[in-house]
Amino acid sequence: MVEAILIDLFSLPANLQNNIQGLLYNTLETIEKCSSIPAPFVYVMCCHSQRCEWKGEQESLLPALRDFQSLKKRLEVVHALSTAAALYTIKQRLDEKDLSIIKVILSSVRKDAMKVYIDHLFTSVYQFEFEDLQVTSDYENLQIAEPQSGRQIQDVVLIQSEIQMYLESLPSLNGELTILRSSLIPDDIFLHGFTTRAGGISYIPTLSSCNLFSSSKRRDPQIVVKENLRRLANAAGFNPETFHRVKIDHANAVCIMGKTEPDSYDGIVTNQKGVTIAAPGADCIPVLFADPVRKACGAAHSGWKGTLLGVSMATVNAMVSEYGCNLKDILVVLGPSVGPCCYKLPHESAKEFHRIDPSCVRLFDSSDPYIDIRRATRILLESGGILPENIQDDSVTDQNQNITFCTACHPDKFYSHFRDGANFGTQIGFISIKD
């Protein structure tokens with residue numbers, strides 16, 4: 001069942017614009033006749049240049065809306081300078097109401113362009129259907145006429161540019177962008193950091209605001225994540241065009257930059273200057289590796305499965321084999337992740353951590369023991385030859401130096417899948433070798 005209807009009045013031919021009120025009235029009349037109960041929400045998008053005319057027409061239309069009892073409280077007119085701005089505003093309204101099944105009523109000549117906008121601004125969470133805007137016989141020829149070139153943007157690159165420019169104009173949410181850095185990694189050789197959830201443009205509560213991962217199952221589109229990344233890159237000082245993030249598989253494969261890229265991998269290493277590599281985390285540990293002697297670095301995504309499979313040592317071993325790193329020179333920093341205060345696993349999975357060391361499990365005899373994936377990661381790294389003093393985690397003596405916060409315990413600072421559910425956001429750990 002359609003939950004919302006979007007009526008697109010952008011780029012109408014001039015003569016049709018002169019009858020916007022009648023055109024909209026007829027459209028609303030058809031919507032009400034065909035609507036179920038409750039009626040769908042209706043959003044009318046029109047160009048900002050029409051605003052003065054629309055204000056008067058909307059006021060004159062409101063009394064007539066008394067005939068549309070089911071629609072009058074569910075109708076909103078959205079004025080904007082661009083299609084991107086109008087659609088993004090409407091997307092916010094849809095997300096506020098958790099709506100995802102949308103019908104778009106529009107001129108047939110706008111359909112191809114509208115699909116491009118939707119492909120960029122929405123994800124597979126949403127379902128769209130399209131219906132031609134019906135006009136009276138006097139205007140039928142105009143309905144199929146070529147629209148004004150300034151309004152109808154057919155070229156995908158131009159549409160992408162329009163969306164990007166609009167997103168760049170939006171203010172940051174939830175404060176300034178914040179980057180956590182470790183004193184263990186020398187900043188004269190490496191650029192690195194761990195992000196928090198502040199300073200981006202993602203507005204959905206569980207994604208707000210600096211979400212750095214897009215999924216077909218979530219409501220944040222890739223182009224919004226790209227804008228968040230651009231803002232992070234500007235703040236941190238790296239080039240977003242040479243940014244590489246692991247392709248998560250919750251396993252232990254490692255990508256060597258410059259060699260054939262695996263289909264999926266949870267670790268990545270490089271010795272190339274100016275290339276920024278990153279690992280995400282939203283409870284899983286983003287782990288950063290740095291060798292200031294051989295000038296090589298790595299990043300790994302270590303969830304409970306990856307931890308058991310040894311993804312951190314797999315990343316270390318790749319640095320040793322590919323770049324000649326010495327184990328005693330490699331520095332490892334564990335980023336914000338779910339702590340043993342909050343994280344539980346079924347007893348069968350907990351047994352694997354108990355085998356690593358009993359200290360990795362609390363309340364072992366319960367059905368869902370508490371797990372310390374950070375401690376397990378440290379123990380495995382030390383067993384593999386990394387010096388204890390070269391690992392930074394939540395065991396640091398000076399808590400002012402601690403950056404391995406519990407993501408689940410700090411909803412104001414970090415995303416957490418464990419806490420927030422399926423539509424969760426993602427922070428990252430990133431590192432690069434300075435030029």
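In which helix is the place of V116? Let's start there: V116 sits in helix α5, which covers residues 111–121. The structure in front of you is a predicted model, and V116 is a handy way into it. With a relative accessible area of 14%, V116 counts as buried, because the cut-off for that label is under 20%. Leaving aside residues up to four places away in sequence, V116 touches V156 and I159. V116 and I159 are 43 residues apart in sequence, yet their C-alpha atoms are 7.5 Å apart in space.

Step back now and take in the whole chain. It has 13 helices and 18 strands. Of its 435 residues, 52% count as buried. If you consider the contacts in the chain with a separation of 6 or more, residues 24 or more positions apart account for 71% of them.

A good next stop is the open sheet of five strands. Its order is β3-β2-β1-β4-β5, and the pairing is parallel. Which strands stand at the edges? They are β3 (75–80) and β5 (127–132); each has a single partner strand, so one side of each is left without a neighbour in the sheet. On average, and with direction ignored, neighbouring strands of this sheet are turned by 20 degrees against each other. Look more closely at the pairing of β3 with β2 (residues 41–47): it is parallel and runs over six bridges. In that pairing, V42 has L75 of β3 as its bridge partner.

Two helices lie across this sheet. Helix α2 (residues 20–34) lies across β1 (4–8), β2, β3 and β4 (101–106), and runs at about 160 degrees to β1. Helix α4 also lies across β1, β2, β3 and β4, running at about 160 degrees to β2.

Helix α4 leads us to the aromatic rings. A pair of aromatic rings is described by the distance of the centres and the angle of the planes. The model holds eight aromatic pairs. One of them joins Y88 and Y166: the ring centres are 5.8 Å apart and the planes stand at 70 degrees, which is over 60, so the pair is edge-to-face. This pair links distant parts of the chain, since Y88 belongs to helix α4 (residues 83–96) and Y166 to helix α7 (residues 156–169), 78 residues apart. Both Y88 and Y166 are buried.

Y88 has another ring partner, Y203. Here the centres are 5.7 Å apart and the planes are at 90 degrees, so this pair is edge-to-face as well. Y203 lies in the loop between β7 (190–195) and α8 (222–236), so its pairing with Y88 in α4 ties together parts that are 115 residues apart in sequence. Y88 and Y203 are both buried. Taken together, ring pairs link Y88, Y166 and Y203 into a cluster.

Rings also meet charges in this model. The charged end of K97 sits over the ring of F41, 5.0 Å from its centre. In a further case, K115 lies over the face of F130, at 5.4 Å from the ring centre.

Strand β7, which precedes the loop of Y203, deserves its own look. In a regular strand the side chains alternate between the two faces of the sheet. How many of the residues of β7 are buried? Six of its six are. On one side these are F190, H192 and F194, and on the other L191, G193 and T195, which leaves both faces covered. Strand β6 (residues 179–180) pairs with β7 in the antiparallel sense over two bridges, and I179 stands opposite T195 there. Strand β18 (residues 427–433) pairs with β7 too, again antiparallel, over five bridges, with H192 opposite I431.

We finish with the cysteines. A disulfide is a covalent bond between the sulfur atoms of two cysteines. Across the whole structure, a search finds zero disulfides. For C325, the nearest cysteine sulfur is that of C297, 9.5 Å away. C325 is buried, with a relative accessible area of 5%. C342 is another case to inspect: its sulfur lies 3.4 Å from the closest cysteine sulfur, in C409, which is too far for a bond because the cut-off is within 2.5 Å. At 16% relative accessibility, C342 counts as buried.

Note on methods
Residues numbered from 1 in each chain as written. Predicted model: local features only at pLDDT ≥ 70, side-chain atom pairs only at ≥ 80, totals over all residues. Heavy atoms only, no water. Phe/Tyr/Trp six-rings, centres within 6.5 Å; stacked < 30°, edge-to-face > 60°. Helix = DSSP H or I, 4+ residues; strand = E, 2+ residues; numbered from the N terminus. Buried < 20%, exposed > 50% of the residue type's maximum accessible area, 1.4 Å probe, protein only. Lys NZ or Arg CZ within 6 Å of the ring centre and 35° of its normal. Pairing = 2+ DSSP bridges. Axes fitted to C-alpha atoms, helices over the stretch in contact; angles between N-to-C directions. Contact = heavy atoms within 4.5 Å.
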